[in-house]
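Visitor: Before we begin, could you show me the model, and then take me through the reasons for the terms you apply to it?

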Amino acid sequence: MEKPKTISEQMAEFTLGLTYKDIPKDVIDHGKLLLTDTFGVAMACQDLEHAKAVKKTVLEMNSQKVCSLWGTDEKAMLADAILYNSCLIHGMDYDDTHVGSIIHPSTAFTVGEMVGATGKQMLEAIVAGWEIIVRLGLAAKGRFHDVGYHGTGIASPFAAACVAAKLMGDTKETLVNALGICGSQSAAIQEFLHDGTWTKKIHPGWAAHSAIYALSLARNGYTGPAKVFEGGFGMWMTHCGGFRGRICGPWNKVAYAGDHCKAISSLSYDPFHHRLYDQSHGRKWIFSRGYRSCRVPYRQQVLRHCMQSKRSKGKT
């Protein structure tokens with residue numbers, strides 16, 4: 001009798017086996033819209049204090065100059081560039097959101113830049129990552145947040161590892177071990193809700209940074225638990241209090257039937273709220289509402305303005 005595949009094995013097979021032609025056209029179109037939105041949000045965050053702090057930290061590392069720090073003429077090693085770029089995306093909490101899973105699944109083109117991937121290859125990997133992070137969030141059924149975790153930071157390492165592994169040509173064995181390692185790097189608490197500090201902004205960036213190291217470790221023979229989700233001390237038990245009803249698949253393409261790559265179709269570009277902290281309001285979060293009809297055009301305008309500004313300063 002064939003041994004049942006673990007969730008991480010199914011996840012790896014789904015990721016590495018997904019091709020551009022497998023993805024429905026409406027999903028591709030929606031993905032392009034989300035990516036336009038993502039870049040607009042990132043460019044709008046460049047001058048925020050948290051972004052300056054992260055950039056300064058990354059540059060102080062003086063790492064090998066491989067990948068671009070978005071909106072600048074600076075470069076850094078892959079893991080550090082991903083840290084900065086992802087922090088830009090999540091800096092104002094206006095990145096794309098999946099309401100059902102309470103997840104922000106933004107990802108970056110940084111790995112694609114390093115390996116010289118085509119646009120189709122990058123979108124292929126990003127769609128796989130979106131599917132994974134959303135389905136993990138849905139499987140948690142809100143429990144991440146209930147017990148004080150930030151779902152985006154908890155699920156992002158796994159999705160980021162899948163995106164990077166697909167673009168970098170890693171094997172199934174490497175990715176499965178990397179996913180196991182990511183389980184020990186999946187950490188993001190929500191104490192920032194009580195004092196308005198900045199840790200939330202770094203959660204996707206630190207998750208992606210960790211994923212790059214997890215993959216590198218796995219390539220060099222480091223192992224991670226195969227049952228990182230469903231094991232006795234796996235994600236569902238430690239982060240959700242149990243695994244009853246906690247599914248996140250099936251991940252194989254045949255089992256999807258008409259639902260293949262459809263999780264991202266319900267991603268929105270966070271049209272209804274943007275969290276602002278204001279100490280003058282007694283340490284409460286202030287929710288200011290936006291509207292879908294104007295949000296993406298606004299970000300496209302921000303992106304064009306930022307690009308024009310950089311060109312006028314001799315930067316591209």
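Guide: Angles under 35 degrees count as roughly parallel, those over 145 as roughly antiparallel, those from 65 to 115 as roughly perpendicular, and the rest as oblique. This is a predicted model, in which local features need pLDDT of at least 70 and side-chain atom pairs count only at pLDDT 80 or more, while totals for chains, interfaces and linings use all residues. Residues are numbered from 1 along each chain as its sequence is written, and side-chain values use heavy atoms, with hydrogens and water left out.

Visitor: Why are helix 8 and helix 11 called oblique to each other?

Guide: Helix 8 (residues 151–168) and helix 11 (residues 199–219) pack at an angle of about 50 degrees, with their axes 7 Å apart; axes here are lines fitted to C-alpha atoms, for helices over the stretch in contact, and angles run from 0 to 180 degrees between N-to-C directions. An angle of about 50 degrees belongs to none of the parallel, antiparallel or perpendicular ranges, and the two helices are therefore oblique. Helices, for this purpose, are DSSP runs of H or I with at least four residues, and strands are runs of E with at least two, numbered from the N terminus.

Visitor: Which residues of helix 8 and helix 11 meet?

Guide: Among them are Ala160, Ala161 and Ala164 in helix 8, and Ala207, Ala208 and Ala211 in helix 11, where contact means heavy atoms within 4.5 Å.

Visitor: What makes Asn177 buried?

Guide: Buried means under 20% relative accessible area, exposed over 50%, and partly exposed in between, with a 1.4 Å probe and protein chains only. Asn177 has a relative accessible area of 13%, so this residue counts as buried. Asn177 lies in helix 9 (residues 172–182) and, not counting residues up to four places away in sequence, touches Ala218, Tyr222, Thr223 and Gly224.

Visitor: How do you know that Cys162 forms no bond with the closest cysteine sulfur?

Guide: A disulfide is a pair of cysteine sulfur atoms within 2.5 Å, and because the closest cysteine sulfur to that of Cys162, in Cys182, is 8.2 Å away, the two are too far apart for a bond. A search of the whole structure likewise finds zero disulfides. Cys162 is itself buried, since its relative accessible area is 0%, and Cys67 also counts as buried, at 0% relative accessibility.

Visitor: What share of the protein chain counts as buried?

Guide: Of its 316 residues, 52% count as buried.
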